[in-house]
Amino acid sequence: MAGRGRAWRSGAVGLCLLLVPLTGCGGGQPSAGTATTEVQQVLDRRAAAVLGHDEQAYGETGTRGPYANLRAVPFAQWSYRVTAVHRDGAGATADAQLRYRIQGYDKAPVTTDRTLTLDRTADGRWYVSRDRPAGKTGQQLWDQGTVRAVRGARSLVLGVGQSEAALRGYARLADTAVPEVTEVWGTDWSRRVVLLVPGSLTGMAGLLGAPASNYRGIAAVTTGEAGGSGQAPADRVILNPEAYAVLAPVGKQVVLTHETTHVATRAHTTSATPLWLSEGYADWIGYLGTGRTPTEAAPELARAVGAGNAPADLPADQDFGFTDDPTKLAEAYEGGWLACRMIAAHWGEAKLGAFYRAVGAHKERKGAVEDALKTELGTTLPDFTARWHDYLTAQLGD
C-alpha cells in the first residue's frame, strides 16, 4: 500500500534491518542494493552541503578538495543519482549522474556522468575519496582547479587560472554582445550568457571531452549550438584563452557576439538546421557594425574567387569539421556568412530571422531549407544557390 512499510513480525529480523547499513546480516558484506542506498545517502548529504555552502558537512562525506574548487559557482541545484555500485573489497566505485543548475542562468539542469571512488571509515560509514568524470565524459570546470566567478550585467564568467581583471574584461565583452544580439534576433531568449574560461587550450579540450588538436586556433565554441532538442537549458560559451588572446579587440568582440548568437538562437536551432545557416547567421550578427568589408571578413573565399575557384554549392556540414585544413574551414564559415548577408540585403533582416526560425521548425533535415526558402523568401534552392554564387563573386571579385 502506498505510504506504508512492511510490518515485520520478528524481532530478530527487525534487528537485522537496523544493522544492515553498517555490517549486513550475518556479518557478511552489504548487498548491492544496500550499498547503493548507502552511497546515495552519502551523496545526498554531499549535495546538500554544496547547496548549503557548508564545507564542514561536505568534508564529513569525504574529500574536501572539490568543494574548494566549486564553492564560487552560484548553484541553484546540485544532485546525484546513483546508477550502479561496484564493490571492490572494502571499497567501491559508484556510477552516478550529476545534475546541476546555475542560479539565474539555467532553465534546466546540466546532466553529466561521474565516477566516484568510495572507502569505508573504521565504523563502517562510506566516504567519497574521489569524484571524477566518467569514461570519455568531458570535465567540469572545477575538475581543472579553483573556479573564480565574475558577474557582469548580463553575464557570468567562470574561470580557472585567470585573474579577476581578465575575467572582468570577458564580462564586459559579453555584456556588449547580449544587447547587440537581442536587437537583431529579438527578446525570446534569456538575454544572459555563461562563459567558461579554462587556463589553456588543453583545459578547453578537457571540458569538451575531445583532443586539443581539434580546437587549436578555434577561439571559442558554444555547447549545444546545433542539432539540439529545440530547448535551451544550459548553454555555455567556452573560450580557448590561447587563440582568443591573439585576436584584435574587434575580433574578440566578434567572437563573443557570434557565440552569444548561438545561445540566443538555441531553441530554434535543431537537427534540421544546416551549419551554413547557424554559423553564417552567428557571423552575420557578429560582424554587424564592425565596418568590415566582405574581402576583410572573408579573405579565404576572396582568394578563391580571385583564382577563379568560387564554390558552386553552399557549404556542407562536413566542411565545418575541425581538420588539418584551416582554409577549408574558413571558407565554410565565410560562405555561410555571405549567404546570410545576401538574405539580409535582398529580402531584409526580418526575413532572415524568419527564415532561420522556419528552417529550425521543420520536423527533419530533408526539405527544411527548401520549404523555408519557398515560404519565407519565395525562391527555390537552385535559384538561391545560384544567387549566392553570383553574390559572393560580385562582393569578393576585383
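**Entry 1: F320**

I began with F320 in this predicted model. Is F320 buried or exposed? I found F320 at 7% relative accessibility, under the 20% limit, so F320 counts as buried. I placed F320 in the loop between helix 11 and helix 12. I then listed the contacts of F320, leaving aside its neighbours within four places in sequence. The residues touched by F320 are L275, W276, E279, P315, L329, A332 and Y333. I also looked up the C-alpha separation of F320 and A330, which is 8.3 Å for two residues 10 apart along the chain.

**Entry 2: helix 11 and helix 12**

I turned next to the two helices on either side of that loop. Helix 11 comprises residues 299-306 and helix 12 residues 326-346. At what angle do helix 11 and helix 12 pack? I read an angle of about 95°, with the axes 7 Å apart. Angles of 65 to 115 degrees count as roughly perpendicular, and helix 11 and helix 12 are therefore placed in that class. On the side of helix 11, I noted P299, E300, L301 and A304 in the contact. Helix 12 contributes T327, A330, E331, E334, G335 and L338. By type, I recorded the residues of this contact as 5 nonpolar, 2 polar and 3 charged.

**Entry 3: aromatic pairs**

I looked up the aromatic pairs and found 18 in the structure. I examined F75 and Y100 in detail. The ring centres of F75 and Y100 are 5.7 Å apart. The planes of these two rings stand at 80°, over the limit of 60, so I entered the pair as edge-to-face. Where in the chain do F75 and Y100 lie? F75 belongs to strand 1 (residues 75-88) and Y100 to strand 2 (residues 91-102). The two residues are 25 apart, and the pair links distant parts of the chain. I noted F75 as buried, with a relative accessible area of 11%. Y100 is buried as well, with a value of 4%.

I then took up Y281 and W284. The centres of their rings lie 5.7 Å apart and the planes are at 35°, so I recorded this pair as tilted. Y281 and W284 are 3 residues apart in helix 9 (residues 275-287), which means that about one helical turn separates them. For Y281 I read a relative accessible area of 1%, a buried residue. W284 is also buried, at 4%.

Which residues form one aromatic cluster with F75 and Y100? I found that W78, Y80 and W142 complete the cluster.

**Entry 4: arginines over rings**

I checked for arginine side chains over aromatic rings. The charged end of R46 sits over the ring of Y58, at 3.9 Å from the ring centre. I also noted R192 over the face of Y105, where the distance to the ring centre is 5.2 Å.

**Entry 5: positive phi**

Most residues other than glycine have a negative phi. I therefore looked for exceptions to this rule. H53 is not a glycine, yet I read a positive phi of about 55° for H53. This histidine lies in the loop between helix 2 (32-51) and helix 3 (55-59). The relative accessibility of H53 is 52%, over the limit of 50%, so I entered H53 as exposed.

R191 likewise has a positive phi, of about 60°, although R191 is not a glycine. I located R191 in the loop between helix 5 and strand 7 (193-197). With a relative accessible area of 38%, R191 is partly exposed.

**Entry 6: G169**

I looked up G169 and found this residue in helix 5 (residues 164-185). Is G169 buried or exposed? The relative accessible area of G169 is 19%; buried means under 20%, so I recorded G169 as buried. The C-alpha atoms of G169 and V157 are 9.7 Å apart, with these positions 12 residues apart along the chain counted as their separation.

**Entry 7: the chain as a whole**

I closed with totals for the chain. I counted 15 helices and 9 strands. The chain has 398 residues, of which 45% are buried. Among contacts with a separation of 6 or more, 61% join residues 24 or more positions apart.

Methods
Residues numbered from 1 in each chain as written. Predicted model: local features only at pLDDT ≥ 70, side-chain atom pairs only at ≥ 80, totals over all residues. Heavy atoms only, no water. Axes fitted to C-alpha atoms, helices over the stretch in contact; angles between N-to-C directions. Helix = DSSP H or I, 4+ residues; strand = E, 2+ residues; numbered from the N terminus. Parallel < 35°, antiparallel > 145°, perpendicular 65-115°, else oblique. Contact = heavy atoms within 4.5 Å. Nonpolar A, V, L, I, M, F, W, Y, C, P; charged D, E, K, R; others polar. Phe/Tyr/Trp six-rings, centres within 6.5 Å; stacked < 30°, edge-to-face > 60°. Buried < 20%, exposed > 50% of the residue type's maximum accessible area, 1.4 Å probe, protein only. Lys NZ or Arg CZ within 6 Å of the ring centre and 35° of its normal.
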